[in-house]
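Here are some notes for a colleague who is about to look through the model. They are set out as numbered points, to be read with the structure open alongside.

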Amino acid sequence: MQDKNIPYKIYLDENEAPRSWYNVRADMKNKPAPLLNPGTLKPMTAEELGAVFCGELVKQELDDTTAYFEIPEKIREFYKMYRPSPLVRAYCLEKRLDTPAKIYYKFEGNNTSGSHKLNSAIAQAYYAKEQGLKGVTTETGAGQWGTALSMACSYFDLDCRVYMVKVSYEQKPFRREVMRTYGASVTPSPSDLTEVGRKILKLHPGTTGSLGCAISEAVETATKTEGYRYVLGSVLAQVLLHQSVIGLETKTAMDKYGIKPDIIIGCAGGGSNLGGLISPFMGEKLRGEADYRIIAVEPASCPSFTRGRYKYDFCDTGMVCPLAKMYTLGSGFIPAPNHAGGLRYHGMSSILSQLYDDGYMEAISVKQTDVFKAAEQFARAEGILPAPESSHAIKAAIDEALKCKETGEEKTILFGLTGTGYFDMVAYEKFHDNLMDDYIPTDEDLKVGFDGIPDIPMNK
């Protein structure tokens with residue numbers, strides 16, 4: 001039964017939308033470890049990072065003390081096309097589960113890109129245009145980030161070159177065509193167009209690729225092409241900063257109706273949506289103003305948090321990027337070709353890794369078929385076909401709601417519905433035809449990746 005005081009969808013008006021991004025690092029007692037130059041093992045300087053990233057983004061990346069960054073007007077104007085996004089009370093799901101829990105989700109799929117990725121894509125494209133660049137390069141897994149960036153680059157008349165993980169390139173042709181519609185060039189990775197791509201193909205013939213491979217190719221292309229810079233859709237501090245708009249809107253909407261979540265859940269691949277959703281809530285937790293149980297949900301096939309090691313490691317398979325201290329499976333780890341392409345990354349955001357290591361959040365891993373069972377259950381109740389990535393959070397939210405059914409507790413659960421799954425029908429088809437497996441790497445499988453983690457003093 002609907003709570004007469006809480007609508008199905010909570011919308012903010014334009015005047016309530018955030019005018020600044022929130023930098024959670026400002027409230028962290030233990031700051032994330034700095035990116036290291038792989039040659040000198042010293043913290044990367046602004047000048048060194050500037051050869052790869054846009055100048056303003058470098059400033060955001062290195063600043064761990066400024067709490068708020070004003071959102072430029074042109075970005076706020078673009079946001080108005082699809083933001084603020086709705087906070088939804090999942091009344092129908094609650095009824096179907098027969099749970100006393102109150103379930104809310106922040107829906108980020110209400111734009112053409114189909115996901116939250118557009119929040120950072122438009123910001124990064126804006127700074128590239130302001131710097132006078134010709135274009136940008138990037139990688140994409142399932143294609144949400146590539147789609148979002150192609151839209152943003154089209155808006156600012158920038159060239160966009162996307163390296164798409166080969167398995168996703170083949171599994172999700174329609175996502176590829178959306179990118180091309182917006183003017184991007186899309187190359188399956190690893191490819192023979194770059195030195196690092198050719199090297200990876202030689203070492204791993206027939207590989208289905210990984211985000212680490214695609215990052216290496218995109219970075220090489222950017223650094224060797226005049227007037228171009230590389231942009232990344234997750235992991236980096238600058239990306240989590242831009243994605244904080246999700247959490248800021250969510251908290252404003254909840255405060256408006258006097259709602260306080262007990263549990264906050266997000267899927268975790270590199271960390272962009274999870275970091276964005278939890279940022280203002282985590283800030284309160286860090287400052288001792290409130291407490292929340294925060295859960296990161298990752299695929300059992302790529303368990304960076306739950307089975308990874310907290311070490312300095314390369315962010316890419318080709319080992320051309322800086323070293324980041326993070327929970328990692330090793331940059332040489334090639335994940336199984338599961339259908340949550342956006343979660344097939346070997347490492348995790350340094351910010352989230354530090355928070356996890358300090359005990360401010362927890363992590364679980366879930367099997368692929370269980371994720372799709374939860375996705376189907378959600379779709380039948382709430383009328384939205386969720387992305388495989390988002391469905392990891394749905395699975396955990398349903399499990400927590402069922403625990404409330406057993407105990408009779410009326411907990412409030414919040415999760416991030418990061419995007420829609422309408423381009424993921426091959427995955428749903430395999431699930432319905434019982435052709436989907438639940439590959440979980442063995443300790444021996446993981447050892448291959450762990451053995452490639454750099455043997456440096458910081459990792460002793």
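The points below take up one lysine, one helix and one pocket in turn.

1. The coordinates come from a predicted model, and every remark that follows should be read with that in mind.

2. Lys106 lies in strand S5, which spans residues 102-107, and this lysine counts as buried because its relative accessible area is 2%, where the cut-off for buried is under 20%. Its side chain makes a polar contact with the side chain of Glu249 at 2.8 Å. Beyond four places in sequence, the residues in contact with Lys106 include Arg83, Ser85, Ile246, Thr250, Leu277 and Phe415, as well as Glu249 itself.

3. In helix H8, residues 173-181, the buried residues are Arg175, Arg176, Val178 and Met179. They lie on the same side of H8, because the arc that they cover around the axis is only 155 degrees. Phe174 and Thr181, by contrast, are exposed on the other side of H8.

4. The buried residues of H8 pack against helices H6 (144-155) and H7 (166-171), and also against strands S6 (135-140), S7 (159-165) and S8 (185-189). Just after H8, Gly183 has a positive phi of about 100 degrees.

5. The largest pocket has a volume of about 300 Å³, and of the 19 residues lining this pocket, Arg25, Ala33, Pro34, Leu35 and Glu61 are the closest to its centre. The lining comprises 14 nonpolar, 2 polar and 3 charged residues, with helix H2 (55-62) and helix H14 (350-357) each supplying at least two residues.

Methods
Residues numbered from 1 in each chain as written. Predicted model: local features only at pLDDT ≥ 70, side-chain atom pairs only at ≥ 80, totals over all residues. Heavy atoms only, no water. Helix = DSSP H or I, 4+ residues; strand = E, 2+ residues; numbered from the N terminus. Buried < 20%, exposed > 50% of the residue type's maximum accessible area, 1.4 Å probe, protein only. Polar contact = N/O pair within 3.5 Å; in protein donor to acceptor, adjacent residues only side chain to side chain. Contact = heavy atoms within 4.5 Å. 1 Å grid on protein atoms, 1.4 Å probe; cavity = no way out; pocket = protein on both sides within 12 Å on 5 of 7 lines; lining within 4 Å. Points joined across faces, edges and corners; volume = space filled by probe spheres on them. Nonpolar A, V, L, I, M, F, W, Y, C, P; charged D, E, K, R; others polar. Arc of directions from axis to C-beta.
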